[in-house]
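Here's an informal walk through one protein model and the ligand that comes with it. Have a look at the structure first, and then we'll go through some of its spots one by one.

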Amino acid sequence: MSIRLGDEAPNFTAATTEGTIDFHEWKGDSWAILFSHPKDFTPVCTTELGTVARLKDEFDRRDVKVVGLSVDPLDSHVEWADDIAETQGQALNFPLIADHDRVVSDLYDLIHPNANDTLTVRSVFVIGPDNKVKLTLTYPASTGRNFDEILRVVDSLQLTAQHQVATPADWQQGGDVIIVPAVSDEDAAARYPDGWRADKPYLRWVPQPQD
Ligand code: BEZ
């Protein structure tokens with residue numbers, strides 16, 4: 001069964017490179033990113049894991065816990081970790097789930113048999129403090145993901161959660177944001193005493209709120 005936005009992120013217990021975790025317990029009240037990669041000792045995956053490890057401070061700053069996954073066994077992950085450190089100039093600094101029994105892959109629908117019936121796809125789930133799924137995406141095995149884009153989505157999600165604003169196409173930190181349609185002009189006036197710019201009654205802009 002596929003996972004849709006707003007669904008509760010299924011819980012599981014799994015062996016990882018940092019010991020066995022109960023996912024919900026490990027995550028606690030933080031945000032989390034669960035991402036799958038197709039296979040250990042493959043080139044694109046090696047670059048992805050190095051990139052995520054290099055971004056650890058950025059995830060920490062946003063209170064996001066990151067966990068990776070593939071169906072390879074734990075000893076394979078451990079051996080591959082040496083290659084990642086050697087070739088990416090950065091050691092792994094987050095857990096990698098060894099899902100050899102496919103329990104988590106089945107829960108999160110990570111094997112797409114019409115693409116490949118043994119490898120996990122490149123999926124990403126961003127999960128909120130309420131354990132609800134806020135973003136899903138799936139890339140083909142041949143395309144490495146842009147993790148700066150995933151950080152950008154986390155920033156947008158966290159702004160929405162705190163300030164009831166949405167972010168426009170290609171928004172970047174510091175850019176103007178949109179007052180969500182659910183906020184009436186009356187409520188917006190209380191919230192934004194300096195006013196807003198309206199291109200249309202439904203397209204209202206304010207500077208990015210700072211918290
Ligand atoms: C890779 O990570 O390079 C890869 C993994 C599986 C299939 C194709 C490429």
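Let's start with D72, which touches P38, K39, D40, H77, A98, D99 and H100, leaving aside residues up to four places away in sequence; touching, or contact, means heavy atoms within 4.5 Å. Before going further, note that this is a predicted model, where local features need pLDDT of at least 70, side-chain atom pairs count only at pLDDT 80 or more, and totals for chains, interfaces and linings use all residues. Residues are numbered from 1 along each chain as its sequence is written, and side-chain values use heavy atoms, with hydrogens and water left out.

Where does D72 sit? You'll find D72 in the loop between β4 and α4. Helices (H or I, at least four residues) and strands (E, at least two) are DSSP runs, numbered from the N terminus. D72 has 9% relative accessibility, so it counts as buried. Buried means under 20% relative accessible area, exposed means over 50%, and partly exposed is in between (1.4 Å probe, protein chains only).

D72 also makes polar contacts, meaning pairs of N or O atoms within 3.5 Å; within protein, one must be able to donate a hydrogen and the other to accept it, and residues adjacent in sequence count only if both atoms are side-chain atoms. A polar atom of the D72 side chain lies 2.9 Å from the backbone nitrogen of D40, and the side chains of D72 and S70 are joined by a polar contact of 2.7 Å.

From D72 we can hop to R102: the two are 30 residues apart in sequence and 9.5 Å apart in space, C-alpha to C-alpha. R102 has a backbone quirk, a positive phi of about 60° although it is not a glycine. Most residues other than glycine have a negative phi. R102 lies in the loop between β5 (96–98) and α5 (103–107), and is partly exposed with a relative accessible area of 28%. D109 also has a positive phi, near 55°. This one belongs to the loop between α5 and β6 (122–127), and with 28% relative accessibility D109 counts as partly exposed.

Now for the ligand. Which residues surround it? They are P38, T42, P43, V44, C45, R122 and A141, where being near means having a heavy atom within 4 Å. α2 gives the most to this shell, with 3 residues. The table lists polar pairs with an oxygen atom of the ligand.

| Residue | Part of the residue | Distance to a ligand oxygen |
|---|---|---|
| T42 | side-chain N or O atom | 3.0 Å |
| V44 | polar backbone atom | 2.7 Å |
| C45 | backbone N or O atom | 2.8 Å |

The protein covers 77% of the 260 Å² of accessible area that the ligand has on its own.

Last stop, the inside. A nonpolar core is a set of buried Ala, Val, Leu, Ile, Met, Phe, Trp, Tyr and Cys residues joined through side-chain atoms within 4.5 Å. The largest one has 27 residues, and I33, F35, F94 and V126 touch the most other members. α6 gives the most to this core, with 6 residues. There's also a second, separate core of 18 residues, including I3, A9, L34 and L110. Back in the largest core, the contacts of V126 include W31, I33, V133, L135 and L157.

Conventions: Areas by Shrake-Rupley, 256 points an atom, 1.4 Å probe, with all protein chains shown as cover.
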